[in-house]
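Colleague: Please take one part of this model under close inspection, starting from a single pair of strands and following the pairing outwards, and then tell me what the surroundings add to the picture.

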Amino acid sequence: MKIAILGAGVSGMSLARFLVEGGIEQDSITLFEAAPVAGGLCRSKRVGEFTYDVAGGHILFSKDAEAMAWMKEQAGGEDAFVKRDRNTKIRFGSEWVHYPFENGLGDLPEGPRFECVSGYVKAWHERMGPDGTTPVTEAPKDFASWIRWRFGDGIADHFMDPYNEKIWKRPLADITSEWVAGRVPDAPVDDVLKSAIGMRTEGYTHQSVFYYPKENGFQAITDGLAAKLESRIRLSTPVQHVARKGEGYTVDGEEFDQVICTLPLDVLPRIVEGLDAGAVQAMESLEYNAVTCVLVALDRPEQPNLSWIYLPHTEQGPANRVTYMSNYSPGNAPEGQTSLMAEITSNGRGEAPGPQIAEETVEGLLAAGLLHREEVLFTDISTSNHAYVVYDHGFSAKRAAALEGLERLGIVPLGRFGRYEYDNSDQCVIKARALAAELVPKWTQG
Ligand SMILES: Cc1cc2nc3c(=O)[nH]c(=O)nc-3n(C[C@H](O)[C@H](O)[C@H](O)COP(=O)(O)OP(=O)(O)OC[C@H]3O[C@@H](n4cnc5c(N)ncnc54)[C@H](O)[C@@H]3O)c2cc1C
């Protein structure tokens, strides 16, 4: 049995490891990776003595304790990690607002606070009907209307609309609300009212604690995986052609019995031979956003005790989120210095921002009062082309047609863009584990 895994991100490498743990010979597996380093979106970059995660600040957390322990083990176990309390805020003018926003209304200046509370209560009444417990209106299908239906006009105007416009880079009416189902918990109206009069309510607490590798950034986890897979990973080897051959496949001319694909579905029409026209069309119309990360290395000994912050307003520059990278781990900056990292999205099918984005970002952070010009030591930029799945209208049907087309050829899709799912790395691990549990018995018994 010869197995090809396309892509050596956390999905591809976790699958390889789970196959081996399940009894498949490691030597029967080959991973093809386009980049010179394994890890994909989990990679980190070291510049001088500063380290940052190249596809946005990454934290380790999971509802699945076993998956989280397995991930820690890859990087050297519990002792190789720092444990952090999540402390996230929204920068609103010169104020710090508790996150989630609807649980932080008491931190707002009076005018916006009134508009947000009033809008929330009106929207809540319209949504919940006279008894206050049973929704009487259906959730709107487009994200722009959904925001107002769910949060009201004040929160839409002051936070949700400007913040989401920064991230999605499209009119919000062009995005479906389906992706928010189960992701944005409904804050009880009492909690919102309490927060507005200054009584602290916590809101969304799923990631109240998180872990981060002490050294080498988040990539320490994928480095650990890569080390175990050693020579099975072919780095700097972009796959260009996959085709069926008899009962098996060829990958760039080399024969394999099985192919698992973690490459983005949208690039496959250029690579995979024999896809039907419907699948090709579906794959080519899947939308995605890129992320450009700007590291700002600072000659400042201390930062506020924050994990990351949201920047909803255009005056704060192009970044939507800033990670306090040196707070994640002291290993991310040299002694006596600190760092911030800003994330800027762009349409993945368009052009990524050029080098001027670093200065625009610094200007924005200065305007937001997050740093002083003389503290900036240097900046560094990294762009990841596939960062966010975009849930435009018709997304579910396109995704289903794309996956079915691939599966008809017997190629198994896996991963964030391999399946176009909004997965964090722990979910990639969980899905790789489930896939290995399904494949190992099939492959070893027959
Ligand atoms: C902004 C942002 C913040 C995030 N924050 C977190 C977080 O805090 N915590 C968390 O757990 N997760 C987070 N994630 C999610 C996490 O990064 C992903 O879920 C995970 O890295 C996806 O892994 P993957 O292996 O599925 O895909 P990828 O990492 O994309 O791997 C695919 C691999 O395929 C390779 N490839 C592409 N084309 C070819 C080709 N033709 N031939 C060969 N190889 C190819 C790529 O180089 C890449 O290495 C975040 C993601 C983003 C974008």
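Modeller: In this predicted model, strand β11 (residues 248–251) is joined to β12 by three bridges, and the two run antiparallel. Within that pair, Thr250 has Glu255 of β12 standing opposite. The pair belongs to an open sheet of three strands, ordered β10-β11-β12 and paired in the antiparallel sense. Because β10 (242–245) and β12 (254–256) each have a single partner strand, they stand at the edges, and one side of each has no neighbour in the sheet. The neighbouring strands of this sheet are turned against each other by 30 degrees on average, direction ignored.

A second sheet, also open, has five strands in the order β9-β2-β1-β13-β19, with parallel pairing. Here the edge strands are β9 (233–234) and β19, each with a single partner strand, so one side of each is left without a neighbour in the sheet. Working across from β9, one finds two bridges that join it in parallel to strand β2 (residues 29–32), where Phe32 stands opposite Arg234 of β9. Further along the order, strand β1 (residues 3–6) pairs in the parallel sense with strand β13 (residues 258–261) over four bridges, and Ile5 is set opposite Ile260 of β13. Ile260 also has Val412 in β19 as a bridge partner, and β13 is joined in parallel to β19 (residues 412–413) by two bridges. In general, the side chains of a regular strand alternate between the two faces of its sheet.

On the approach to β9, the loop between α6 (219–229) and β9 holds Glu230, whose phi is near 40 degrees, a positive value in a residue other than glycine. Another backbone detail is found in the loop between β7 (95–98) and α3 (110–128), which is the place of Pro100; a cis peptide bond joins Tyr99 to Pro100, with omega at about 0 degrees.

The ligand completes the surroundings. Of the 30 residues around the ligand, those that come nearest are Ser11, Glu33, His58, Asp423 and Ser425. The side chain of Glu33 places an N or O atom 2.6 Å from an oxygen atom of the ligand. Backbone atoms take part as well: a backbone N or O atom of Ile59 lies 2.8 Å from a nitrogen atom of the ligand, and a polar backbone atom of Val239 is 2.8 Å from a nitrogen atom of the ligand. Taken alone, the ligand exposes 1,000 Å², of which the protein buries 90%.

As for the make-up of this shell, 14 of its residues are nonpolar, eleven are polar and five are charged. At least two residues of the shell come from each of α1 (10–21), β18 (376–390) and α11 (425–445), and α11 gives the most, with three residues.

On the scale of the whole protein, there is a division into domain 1 (3–42 + 217–286 + 394–445) and domain 2 (102–196), and the centres of domain 1 and domain 2, taken over C-alpha atoms, are separated by 38 Å. The ranges of domain 1 contain residues 248–251 of β11, the strand from which this account set out.

Notes
Residues are numbered from 1 along each chain as its sequence is written. This is a predicted model: local features need pLDDT of at least 70, side-chain atom pairs count only at pLDDT 80 or more; totals for chains, interfaces and linings use all residues. Side-chain values use heavy atoms; hydrogens and water are left out. Two strands pair if DSSP finds at least two bridges between them. Axes are lines fitted to C-alpha atoms, for helices over the stretch in contact, and angles run from 0 to 180 degrees between N-to-C directions. A residue is near a molecule or strand if one of its heavy atoms lies within 4 Å of it. A polar contact is a pair of N or O atoms within 3.5 Å; within protein, one must be able to donate a hydrogen and the other to accept it, and residues adjacent in sequence count only if both atoms are side-chain atoms. Accessible areas come from the Shrake-Rupley method with a 1.4 Å probe; for residues, only the protein chains shown count as cover. Ala, Val, Leu, Ile, Met, Phe, Trp, Tyr, Cys and Pro count as nonpolar, Asp, Glu, Lys and Arg as charged, and the others, Gly among them, as polar. Domain bounds come from an automatic or database domain assignment.
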